[in-house]
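Subject: Structure handover, pockets and ligands

Hi,

Here is the structure I promised to pass on. Have a look at it first, and then read my notes on the ligands and the empty space below.

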Amino acid sequence: MRILSGIQTSGSLHLGNYFGMMKRMIDYQENNELFCFLVNYHALTTVFDAESLRRQTYEAACDFLALGLDPDKSVFWIQSDVPEVTELTWLLSNVTGVGLLERSHSYKDKTAKGIPASNGLFSYPVLMAADILLFGGEKVPVGKDQKQHLEIARDIAIRFNHTYGETFIIPEADIEEDSAVVPGIDGQKMSKSYGNAIEIFADEKTLREKVMRIVTDSTPVDEPKPLEGNVLFKLYSLFLDPREKIALKERFLTPGLKYGVVKKELFSLIWEYFEPYRKERKRLAQDKQFVLETMRKGARKAREVASIYLERARHNVGLDYWNI
Ligand code: ADP
Ligand code: TRP
């Protein structure tokens, strides 16, 4: 099965990205064909500082590699190193109804937050569809926030195939119940842009402060704690296996549990969980040559696959005028 997904290089990666997408991708690489990329063209819709974009792209590459993405077992690249994707975006644009894009929640949310309503932001889902279709992605691991984008990609692929003949595989979203929406420290969806994220590679002091700031309800210590909507419980559970999760549930339901104590435990758990990766992350950040070479090799592999789908699409729409 060909598994494919991308992540924006618009800020430091966090627990929502990790459990919603990155960890699942890394786990998939063992028994599947894995295609993983860093979407810096997409990041251009919200990042207008060139230096930040460069740094965040490089750091996201280090993050993935440090967390265990193996460039020999997968195809791992940076979106802008495969510019064919922008050509496919144009071909797809002509079978994409404006109404479909106007219904995008993500576009409405971002413009409501003050992000400029550019054509790039509006056609973001078309570029995302091109990302998937250009490599024949079958299953796309994402968090729930990307569900609608995946539906748009499917609609575009179906419309293209219908108009021009069978060209693309129709992709499917792969959303996992437990990590579909990882809450941030304020209880909203964790996001790079909401200031509520717990970053994977935060330093010790920042991580401790963030965990201590997780919102809790005001249930008195000597009463059972609610589980529904409990941000602390939800975040803690992400690090546990099913048996440990049951034990945690029992602790929350037993009067006497102090949220402050649980927060300290959670801080240690997160810090230790990422400890081995942190060391590798530090090493990679200093080995620029290795990281850049790895990304270049990945792009070469990705371009081979891309050219197959792009040539097919160019032929099917009739750009190959020489074949008259
Ligand atoms: P952000 O919202 O922080 O900018 P992205 O849009 O770059 O994150 O998301 C990258 C990937 O991580 C996507 O697959 C997205 O669905 C997933 N993701 C982001 N935030 C969360 C979250 N809070 N819970 C689950 N998955 C998430
Ligand atoms: N829109 C996705 C996000 O914000 C990132 C993305 C771009 C993507 N292209 C993709 C995800 C292709 C999956 C497949 O997270």
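One definition before we start: I call a residue near a ligand if one of its heavy atoms lies within 4 Å of it. Also keep in mind that this is a predicted model.

**Ligand 1**

By that criterion, 19 residues surround ligand 1, and the closest are His14, Gly143, Asp145, Val182 and Lys192. Sorted by class, this shell has 7 nonpolar, 9 polar and 3 charged residues. Strand S1 and helix H1 each supply at least two residues of the shell around ligand 1, and H1 has the largest share of it with 4 residues.

There are some polar contacts you may want to click through:

- Asn17 has a polar side-chain atom 3.1 Å from an oxygen atom of ligand 1.
- Lys189 also uses its side chain, with a polar atom 3.0 Å from an oxygen atom of ligand 1.
- Val182 uses its backbone: a polar atom there is 2.8 Å from a nitrogen atom of ligand 1.

How much of ligand 1 does the protein bury? On its own ligand 1 exposes 540 Å², and 93% of that is buried by the protein.

**Ligand 2**

Around ligand 2 there are 13 residues, with Gln8, Tyr124, Met128, Asp131 and Gln146 coming nearest. The class split of this shell is 7 nonpolar, 5 polar and 1 charged. Strand S1 (2–8), strand S2 (33–39) and helix H8 (124–133) each supply at least two of the shell residues. The largest share, 4 residues, comes from H8.

Three of the residues that come nearest turn up again when you look at side-chain polar atoms:

- Gln8 places a polar side-chain atom 3.3 Å from an oxygen atom of ligand 2.
- Tyr124 has a side-chain N or O atom 2.7 Å from a nitrogen atom of ligand 2.
- Gln146 has a polar side-chain atom 2.9 Å from a nitrogen atom of ligand 2.

Taken alone, ligand 2 has 360 Å² of accessible area, of which the protein covers 91%.

**The largest pocket**

Where do the two ligands sit? Ligand 1 is in the largest pocket, and the space taken by ligand 2 is the largest pocket too.

That pocket holds about 1200 Å³ of space. It is lined by 45 residues, and Gln8, Asp145, Gln146, Lys189 and Ser191 are the closest to its centre. You have met some of these already: Gln8 and Gln146 are among the residues nearest ligand 2, and Asp145 is among the closest to ligand 1.

The elements that give two or more residues to the lining are S1, helix H1 (15–28), S2, helix H6 (105–112), H8 and helix H9 (147–164). S1 gives the most, with 5 residues. By class, the lining divides into 17 nonpolar, 19 polar and 9 charged residues.

**The second largest pocket**

The second largest pocket has a volume of about 520 Å³. Its lining has 23 residues, of which Asp178, Lys234, Ser237, Leu238 and Lys245 lie nearest the centre. H1 appears here again: along with helix H11 (231–237) and helix H12 (242–253), H1 supplies at least two residues of this lining. What is the class make-up of this lining? It divides into 8 nonpolar, 4 polar and 11 charged residues.

**The cavity**

Last item: the search of the whole structure finds 1 cavity of 30 Å³ or more, with about 40 Å³ of space in it. Ser104, Ser106, Tyr107, Lys110, Leu121, Tyr124, Pro125 and His149 line this cavity. Tyr124 is worth a second look in the viewer: besides lining the cavity, Tyr124 has that side-chain atom 2.7 Å from a nitrogen atom of ligand 2.

H6 and H8 each supply at least two residues of the cavity lining, with H6 giving the most at 3 residues. Both helices also give residues to the lining of the largest pocket. The class split for the cavity lining is 4 nonpolar, 3 polar and 1 charged.

That's everything from my side. Over to you!

Cheers

Technical notes: Residues are numbered from 1 along each chain as its sequence is written. Chains are lettered from A and ligands numbered from 1 in the order in which they are written. This is a predicted model: local features need pLDDT of at least 70, side-chain atom pairs count only at pLDDT 80 or more; totals for chains, interfaces and linings use all residues. Side-chain values use heavy atoms; hydrogens and water are left out. A polar contact is a pair of N or O atoms within 3.5 Å; within protein, one must be able to donate a hydrogen and the other to accept it, and residues adjacent in sequence count only if both atoms are side-chain atoms. Accessible areas come from the Shrake-Rupley method with a 1.4 Å probe; for residues, only the protein chains shown count as cover. On a 1 Å grid over the protein atoms alone, a cavity is a set of points where a 1.4 Å probe fits but cannot get out, and a pocket is an open set with protein on both sides within 12 Å along at least five of seven lines; lining residues have an atom within 4 Å of a point. A molecule sits in a cavity or pocket if more than half of its atoms lie within 2 Å of its grid points. Ala, Val, Leu, Ile, Met, Phe, Trp, Tyr, Cys and Pro count as nonpolar, Asp, Glu, Lys and Arg as charged, and the others, Gly among them, as polar. Grid points are joined across faces, edges and corners, and a volume is the space filled by probe spheres set on the points.
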